[in-house]
Amino acid sequence: MNASVNRQILLVEKPSGKLGPEHFKLTDGPIPELKDGEALLRVRYISLDAANRAWMHGATYRSAVEANTVMAGGGIAEVVASKSPGLAPGDIVFGDTGWQDYAAIPAKHLTKLPKLEPMTHLLSVYGIAGLTAYFGLLEIGKPKAGETVVVSAAAGSVGSIVGQIAKIKGCHAVGIAGGKDKCHWLTSELGFDAAVDYKDGAVFKALRAAAPKGIDVYFDNVGGDILEACLPQMNNYGRIACCGAISQYDGVPAEHGPRGVPGLIVVKRLIMQGFIVMDFMKERDRALADLQSWVAGGKLKVQEDVIKGLENTPKALIGLLAGENRGKRMVRV
Ligand SMILES: NC(=O)c1ccc[n+]([C@@H]2O[C@H](COP(=O)([O-])OP(=O)(O)OC[C@H]3O[C@@H](n4cnc5c(N)ncnc54)[C@H](OP(=O)(O)O)[C@@H]3O)[C@@H](O)[C@H]2O)c1
């Protein structure tokens, strides 16, 4: 990295269909001037998230990303200079750094992180992915020992942790993922009880075999057809934790949603609740203590997929949307 240049990846056009490399451009910008209350950051790792693509559709829980701006995205960064009393050079922080080498960000929008090794765990198991899995499953799904928990995008960053926490809590854990290899990995390496390959067709039938007692908790990362396959298999008083809808992010939105809503929700007395992980941040320390003890005790395996080079960030996001990743994908800048 040249210390006088700030390499940046711009979103040059919002995609109307599938996201492609043509929607991005690598450019050289200036290293930003530091204002009062801000910290100048050198970005170390950029988090690749399905949500990066959802932000291109419009405002969500954050404002939309706009064309001809630096592509937004969370990252881990080192403070190189600070005009905020709370941060000093050498501190490690998490924030919306964007896809670039350097960013100047108000300290109030940054979270100071502990210095731990490997640093990448701050983006995976101890970052948004781990916390989303923890709070979404335990606070929204409320699984009890012996119940069946099903999670979609199960080999991804959030899903792979959800299934393992379900096992820790004594549940029957079923993952839904794309491809034989990913499904085999879920059962042989991560300890899921069963896995369903949704790319193999006949998801409904395969799910019935994998969850013969019905589904008590469905952790939904994808929406669409997979949600539709799960709904009729929910047990009475089941809970659906709506975490995301990745099947609808990349391309033209589906013309209709899953059938059976709200009829099945009424008849089966289901609770279907969306959540945003930020809502639970007051409870973060408790979650981190549990996650750390499970990792240290070998009960929770951390899978990371680190791509090297800022210039590869667009390709890495496009690949994530196509299912290339296992576990948490990130870019080392
Ligand atoms: N609510 C919150 O606060 C919160 C926070 C973080 C993330 N999320 C959500 O959590 C979900 C997971 O996000 P992530 O960033 O961690 O990504 P990820 O799970 O690491 O990766 C995405 C995976 O989704 C699967 N996928 C892609 N298209 C699909 C489709 N059409 N149908 C089914 N599966 C598909 C792919 O795996 P396959 O090979 O299995 O297809 C891909 O590897 C997203 O919906 C995201 O928006 C929510």
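These notebook entries record what I looked up in a predicted model.

**Entry 1: helix α2**

I began with helix α2, which spans residues 128-141 and is mostly covered, with twelve of its 14 residues buried. The buried set includes Ala-129, Leu-131, Tyr-134, Phe-135, Leu-138 and Ile-140. I noted that glycines also belong to this set, among them Gly-130, Gly-136 and Gly-141. After the helix comes Lys-142, and I recorded a positive phi for this residue, near 45°.

**Entry 2: a three-stranded sheet**

I next examined an open sheet of three strands, whose order is β2-β1-β4 and whose pairing is antiparallel. Its edge strands are β2 (24-29) and β4 (69-70), each of which pairs on one side only. I then followed β1, residues 6-11, along β2 and found six bridges between the two in the antiparallel sense. Within this pairing I located Ile-9, which stands opposite Leu-26 of β2.

**Entry 3: the ligand and its shell**

I turned to the ligand and asked how many residues surround it. The number is 29, and the closest are Ser-157, Lys-182, Tyr-198, Tyr-249 and Asn-325. I sorted the shell by character and obtained 17 nonpolar, ten polar and two charged residues.

I then looked up individual contacts to oxygen atoms of the ligand. For Ser-157, a polar side-chain atom lies 2.4 Å from a ligand oxygen. For Tyr-249, an N or O atom of the side chain is 2.7 Å from an oxygen atom of the ligand. Asn-221 contributes a polar backbone atom, 2.8 Å from a ligand oxygen. Taken alone the ligand exposes 920 Å², and I noted that the protein buries 91% of that area. The elements giving two or more residues to the shell are α2, α3 (157-168) and α9 (313-321).

**Entry 4: salt bridges**

I counted the salt bridges of the structure and recorded 17. Side chains of opposite charge can pair when their charged atoms come close. I looked up three of these pairs in detail.

Arg-286 and Glu-139 form a salt bridge in which the closest N and O atoms are 3.2 Å apart. This pair links distant parts of the chain, for Arg-286 belongs to helix α8 (residues 284-296) and Glu-139 to helix α2, 147 residues apart. Are the two partners buried or partly exposed? Arg-286 is partly exposed at a relative accessible area of 36%, and Glu-139 is likewise partly exposed at 27%.

Arg-239 forms a salt bridge with Glu-147, and here the closest N and O atoms are 2.6 Å apart. Arg-239 lies in strand β13 (residues 234-242), whereas Glu-147 lies in the loop between α2 and β9 (148-152), 92 residues apart. Why do I enter both partners as buried? The cut-off is under 20% relative accessible area; Arg-239 has 9% relative accessibility and therefore counts as buried, and Glu-147 has 12% and so counts as buried too.

The third pair is Arg-329 with Asp-305, whose closest N and O atoms are 2.8 Å apart. Arg-329 sits in strand β16 (residues 328-332) and Asp-305 in strand β15 (residues 304-308), so the salt bridge ties together parts that are 24 residues apart in sequence. I entered Arg-329 as buried, with a relative accessible area of 4%. Asp-305 counts as buried as well, at 16% relative accessibility.

Finally, I traced salt bridges that share partners, and these join Arg-7, Asp-101 and Glu-311 into one network.

Terms used
Residues are numbered from 1 along each chain as its sequence is written. This is a predicted model: local features need pLDDT of at least 70, side-chain atom pairs count only at pLDDT 80 or more; totals for chains, interfaces and linings use all residues. Side-chain values use heavy atoms; hydrogens and water are left out. Buried means under 20% relative accessible area, exposed over 50%, partly exposed in between (1.4 Å probe, protein chains only). Helices (H or I, at least four residues) and strands (E, at least two) are DSSP runs, numbered from the N terminus. Two strands pair if DSSP finds at least two bridges between them. A residue is near a molecule or strand if one of its heavy atoms lies within 4 Å of it. A polar contact is a pair of N or O atoms within 3.5 Å; within protein, one must be able to donate a hydrogen and the other to accept it, and residues adjacent in sequence count only if both atoms are side-chain atoms. Accessible areas come from the Shrake-Rupley method with a 1.4 Å probe; for residues, only the protein chains shown count as cover. Ala, Val, Leu, Ile, Met, Phe, Trp, Tyr, Cys and Pro count as nonpolar, Asp, Glu, Lys and Arg as charged, and the others, Gly among them, as polar. A salt bridge is a side-chain nitrogen of Lys or Arg within 4 Å of a carboxyl oxygen of Asp or Glu.
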